[in-house]
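The exercises below are to be worked with the sequence and the coordinates open side by side. Each has a task sentence, followed by a solution in steps.

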Amino acid sequence: MASYPVDPRQPDAAYLSFWRERHLCTLTTLRPDGSPHVVPVGVTYDPEAGLARVITDKSSRKAAHVLAAGPDGARVAVCQVDGRRWATLEGRARVSTDPARVAEAVRRHTERYERVPSPNPSRVAIEIELTAAMGRG
């Protein structure tokens, strides 16, 4: 099954619907030596804002990898798969500690994954400014 490009700000209905289903995803960041660091995460997709969001602890390796990239952000990818359906979002990630942005990421996570995350005063949001998307939704 061939992949196809998707406009991350204007996905077709099937692609967007797939991202609204409850699926575990992966986040790929790069370590300082350039090797990939792939971890399971929950991801929310907001095409209107051109963002994907991941909530995590500020001391996590994924947050550290993003922060190490500096103010321009880290190139990352998030992906989910379900049988023959799959979807990848790519972009520049930055870590936000802004309480309103973290709260929005938690709200969206709660909506998609149908559970409220445990309280975490060290929570941050990794916000990915989307530059590309592909998949078979």
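**Exercise 1. Locate P117 and decide whether it is buried or exposed.**

Solution. The model is a predicted one.
Step 1: P117 sits in the loop that runs between helix 3 and strand 8.
Step 2: the relative accessibility of P117 is 10%. The cut-off for buried is under 20%, so P117 counts as buried.
Step 3: list the contacts, leaving aside neighbours within four places in sequence. P117 is then in contact with I55, V106, H109, T110 and R123.
Step 4: take a distance to R94. The two residues are 23 apart along the chain, and their C-alpha atoms are separated by 21 Å.

**Exercise 2. Find the residue in the loop between helix 3 and strand 8 that has a positive phi without being a glycine, and state its exposure.**

Solution.
Step 1: recall the background. Most residues other than glycine have a negative phi.
Step 2: E114 is not a glycine, yet has a positive phi of about 55 degrees. E114 belongs to the loop between helix 3 and strand 8.
Step 3: the relative accessible area of E114 is 67%. Exposed requires over 50%, so E114 is exposed.

**Exercise 3. Which strands pair with strand 8, in what sense, and over how many bridges?**

Solution.
Step 1: strand 8 covers residues 123-136, and strand 1 (residues 4-6) is joined to strand 8 by 3 bridges, antiparallel. Within this pair, V6 has A133 as its bridge partner.
Step 2: strand 5 (residues 51-57) also pairs with strand 8 in the antiparallel sense, over 7 bridges. Here R53 stands opposite E127.
Step 3: strand 7 (residues 85-96) pairs with strand 8 over 11 bridges, again antiparallel. The bridge partner of R94 in strand 8 is E127.
Step 4: combine the last two steps. E127 of strand 8 stands opposite R53 and is also the bridge partner of R94.

**Exercise 4. Describe how the side chains of strand 2 are arranged and how strand 2 is paired.**

Solution.
Step 1: strand 2 spans residues 25-30, and its side chains alternate. C25, L27 and T29 point to one face and are buried, whereas T26, T28 and L30 point to the other face and are not buried.
Step 2: strand 2 and strand 3 (residues 36-41) run antiparallel and are joined by 6 bridges. T26 faces P40 in this pair.
Step 3: the two strands make a hairpin with 5 residues between them. In the turn, G34 has a positive phi of about 90 degrees.
Step 4: strand 2 also pairs with strand 6 (residues 74-82), antiparallel and over 4 bridges. C25 stands opposite Q80 there.

**Exercise 5. Compile the surroundings of C25 and R112.**

Solution.
Step 1: C25 is in strand 2, while R112 is in helix 3 (residues 99-113).
Step 2: C25 has a relative accessible area of 2% and is buried. R112, at 7%, is also buried.
Step 3: not counting residues up to four places away in sequence, C25 touches W19, V39, P40, V41, V43, C79, Q80, R112 and Y113.
Step 4: with the neighbours within four places in sequence left aside, R112 is in contact with F18, W19, R20, E21, R22, H23, C25, V43, T44 and Q80.
Step 5: check the lists against each other. C25 touches W19, V43 and Q80, among others, and R112 contacts include W19, V43 and Q80.
Step 6: take two C-alpha distances. R112 and L24 are 88 residues apart in sequence and 11 Å apart in space. C25 and Y15 are 10 residues apart in sequence and 15 Å apart in space.

**Exercise 6. Summarise the chain as a whole: what are its helix and strand counts, its pattern and its radius of gyration?**

Solution.
Step 1: the chain has 3 helices and 8 strands, in the order β-α-β-β-β-β-α-β-β-α-β.
Step 2: for 137 residues, a compact globule would have a radius of gyration near 14 Å, and the chain agrees because its value is 14 Å. Along the principal axes, the C-alpha atoms fill a box of roughly 40 × 35 × 25 Å.
Step 3: buried residues are 45% of the 137. Of the contacts with a separation of 6 or more, 71% come from residues 24 or more positions apart.
Step 4: the exposed area is about 7,300 Å², of which carbon and sulfur atoms supply 53%.
Step 5: the chain carries 20 positive and 16 negative charges, whose mean positions are 4 Å apart.

Note on methods:
Residues are numbered from 1 along each chain as its sequence is written. This is a predicted model: local features need pLDDT of at least 70, side-chain atom pairs count only at pLDDT 80 or more; totals for chains, interfaces and linings use all residues. Side-chain values use heavy atoms; hydrogens and water are left out. The radius of gyration is taken over C-alpha atoms; the globule rule is 2.2 Å times the number of residues to the power 0.38. Buried means under 20% relative accessible area, exposed over 50%, partly exposed in between (1.4 Å probe, protein chains only). Contact means heavy atoms within 4.5 Å. Accessible areas come from the Shrake-Rupley method with a 1.4 Å probe; for residues, only the protein chains shown count as cover. Lys and Arg count as positive and Asp and Glu as negative; His and the chain ends are not counted. The place of a charge is taken as NZ of Lys, CZ of Arg, CG of Asp or CD of Glu. Two strands pair if DSSP finds at least two bridges between them.
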